[in-house]
Amino acid sequence: MVPPVMILSVTNNCNLQCRGCFVEKLSKRSMSLSDWQNMIRQAKQLGVFAFLIAGGEPFLMEGLLDLIDQNEDRVFAIFTNGTCIDEEQIEHLKKTSNVAIVLSLEGDEQLTDERRGKGIYEKVIATLKKLSQFGILSGISVTITTDNYSFWMKDENMNDMIKFGVKLCFFIEYIDVDDSEKILNIKQRTAFREKVLYYKDHNPIFIVHSPGDETMFGGCVSAGRGFIHVNAFGDITPCPVVNVSTHNVKNSTLKEGLKSPLFQQIRENKLLENGDGPCALISHRKELDALVQVHSQQLR
């Protein structure tokens, strides 16, 4: 099964320390630019069309935009905290037509700075305005928690994003099981979903809502159903949140990783069916850990 989308976490380095970040600060050797180019080449040969670039902070990776330039026949979206894009990169992006820049935002200044650090909101909004000024396709990515979900249910706040030139919006519900009071309950999730559907019908912004949009697919679309993830060290994982893997692109082909028995059984054993929370795989964590143990032993 070849998914149309791949999420590439090109680096674990980041200049911020946001609460609830799921990127692991591991000591393994990160992939090089040529490693990523080779992996993208394999993905293109298999039929992958779109690449979501994540981190860490992707703009801390030297040569990031070279990956975009070398793959003009594919679509890219770079997810960034918006504080590391310099003037040289803006000039580069002005000449690039196959990439969208998606900036992380929590809400207003108070909500954003509380999670991301003092002064971050101001920097993100300034970057949004600059991207819009130069016609660079831009969007926002919001981690939806009990703190900010009501903020994003107010029409005036979405209208402000439209004024800033936002064309894409990713609403990703908070997942961290160690901070469960931030996770929406069923009533909150239902109300927020209804508002998202209203926005989809009435606003000129393309909105992706996770896990809400997954219902039309019968559950999570990770593990190859709709996308796959490769982390900064080359491990092929179901998604950025669940860091389990039996294959690494540095010592196996991407095709072999996509055919992984682990991913096949994740799909066949219905571990992608949505549970009570925002992440299907975490809802089935015990079953997932058991599968990982079996398939890791078989590879030894």
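A residue is called buried when its relative accessible area is under 20%, exposed when that area is over 50%, and partly exposed in between. The exercises below apply this to a predicted model.

**Exercise 1. Determine which residues of helix 4 are buried and what they pack against.**

Solution.
Step 1. Locate helix 4, which spans residues 109–116.
Step 2. Apply the cut-off of under 20% relative accessible area. The buried residues are Leu-111, Thr-112, Asp-113, Arg-115 and Arg-116.
Step 3. Identify the surroundings. These buried residues pack against strand 4, helix 5 and strand 5 (138–144).
Step 4. Examine both ends of the helix. At the start of helix 4, a side-chain oxygen of Asp-108 comes to within 3.3 Å of the backbone nitrogen of Gln-110. Just after the helix, Gly-117 adopts a positive phi of about 120°.

**Exercise 2. Establish the strand order of the sheet and explain why strand 7 and strand 9 each have one side without a neighbour.**

Solution.
Step 1. Read the order across the sheet. The sheet is open, has 9 strands in the order 7-6-5-4-3-2-1-8-9, and its pairing is mixed.
Step 2. Look at the edges. Strand 7 (206–210) and strand 9 (236–237) stand there with a single partner strand each, so one side of each has no neighbour in the sheet.
Step 3. Add the helix that packs on the sheet. Helix 1 (residues 33–46) touches strand 1 (5–9), strand 2 (50–54), strand 3 and strand 8 (227–230). The direction of helix 1 makes about 170° with that of strand 1.

**Exercise 3. Trace the pairing of strand 3 on both of its sides, and then that of strand 6 with strand 5.**

Solution.
Step 1. Begin with strand 2. It runs parallel to strand 3, and 4 bridges join the two. Phe-51 stands opposite Phe-76 in strand 3.
Step 2. Turn to strand 4. Strand 3 (residues 75–80) pairs with strand 4 (residues 99–104) in the parallel sense, over 5 bridges. Here the bridge partner of Phe-76 is Val-99.
Step 3. Assess burial. In strand 3, 5 of the 6 residues are buried, and the strand is mostly covered.
Step 4. Repeat for strand 6. Strand 5 and strand 6 pair in the parallel sense over 6 bridges, and Gly-139 stands opposite Leu-168 in strand 6. Because 5 of its 6 residues are buried, strand 6 is largely enclosed by the rest of the structure.

**Exercise 4. Describe the nonpolar cores and the surroundings of Phe-171.**

Solution.
Step 1. Recall the general tendency: in soluble globular proteins, nonpolar side chains tend to be buried together.
Step 2. Identify the largest nonpolar core. It has 82 residues, and those with the most contacts inside it are Met-6, Leu-8, Met-39, Ile-101, Trp-152, Phe-171 and Ile-266.
Step 3. Find the main contributor. Helix 5 (residues 120–133) gives the most to this core, with 6 residues.
Step 4. List the contacts of Phe-171. Beyond its neighbours within four places in sequence, its contacts include Val-142, Ile-144, Trp-152, Met-158, Phe-192 and Val-196. Phe-171 also contacts Ile-207, Val-208, His-209 and Ser-210.
Step 5. Note what lies apart from the largest core. Another core has 6 residues, among them Phe-79, Val-102, Leu-168 and Phe-170.

**Exercise 5. For the salt bridges of Asp-73, Lys-182 and Asp-213, give the partner, the distance between the closest N and O atoms, and the parts of the chain that are linked.**

Solution.
Step 1. Set the context: a search of the whole structure finds 11 salt bridges.
Step 2. Take Asp-73. Its bridge is to Lys-44, with the closest N and O atoms 3.0 Å apart. Asp-73 lies in the loop between helix 2 (64–69) and strand 3, and Lys-44 in helix 1, 29 residues apart. The relative accessible area of Asp-73 is 43%, which means that it is partly exposed.
Step 3. Take Lys-182. It bridges to Asp-147 at 2.5 Å between the closest N and O atoms. Lys-182 is in the loop between strand 6 (168–173) and helix 7 (186–202), whereas Asp-147 is in the loop between strand 5 and helix 6 (155–163), 35 residues apart. Lys-182, at 14% relative accessibility, counts as buried, and Asp-147, at 35%, is partly exposed.
Step 4. Take Asp-213. Its partner is Lys-200, the closest N and O atoms being 3.3 Å apart. Asp-213 lies in the loop between strand 7 and strand 8 and Lys-200 in helix 7, so the bridge ties together parts 13 residues apart in sequence. Asp-213 counts as buried at 13% relative accessibility, while Lys-200 is partly exposed at 31%.
Step 5. Look for shared partners. Lys-44, Asp-73 and Arg-74 are joined into one network by such salt bridges.

Notes. Residues numbered from 1 in each chain as written. Predicted model: local features only at pLDDT ≥ 70, side-chain atom pairs only at ≥ 80, totals over all residues. Heavy atoms only, no water. Pairing = 2+ DSSP bridges. Helix = DSSP H or I, 4+ residues; strand = E, 2+ residues; numbered from the N terminus. Contact = heavy atoms within 4.5 Å. Axes fitted to C-alpha atoms, helices over the stretch in contact; angles between N-to-C directions. Core = buried A, V, L, I, M, F, W, Y, C linked by side-chain atoms within 4.5 Å. Buried < 20%, exposed > 50% of the residue type's maximum accessible area, 1.4 Å probe, protein only. Polar contact = N/O pair within 3.5 Å; in protein donor to acceptor, adjacent residues only side chain to side chain. Salt bridge = Lys/Arg side-chain N within 4 Å of Asp/Glu carboxyl O.
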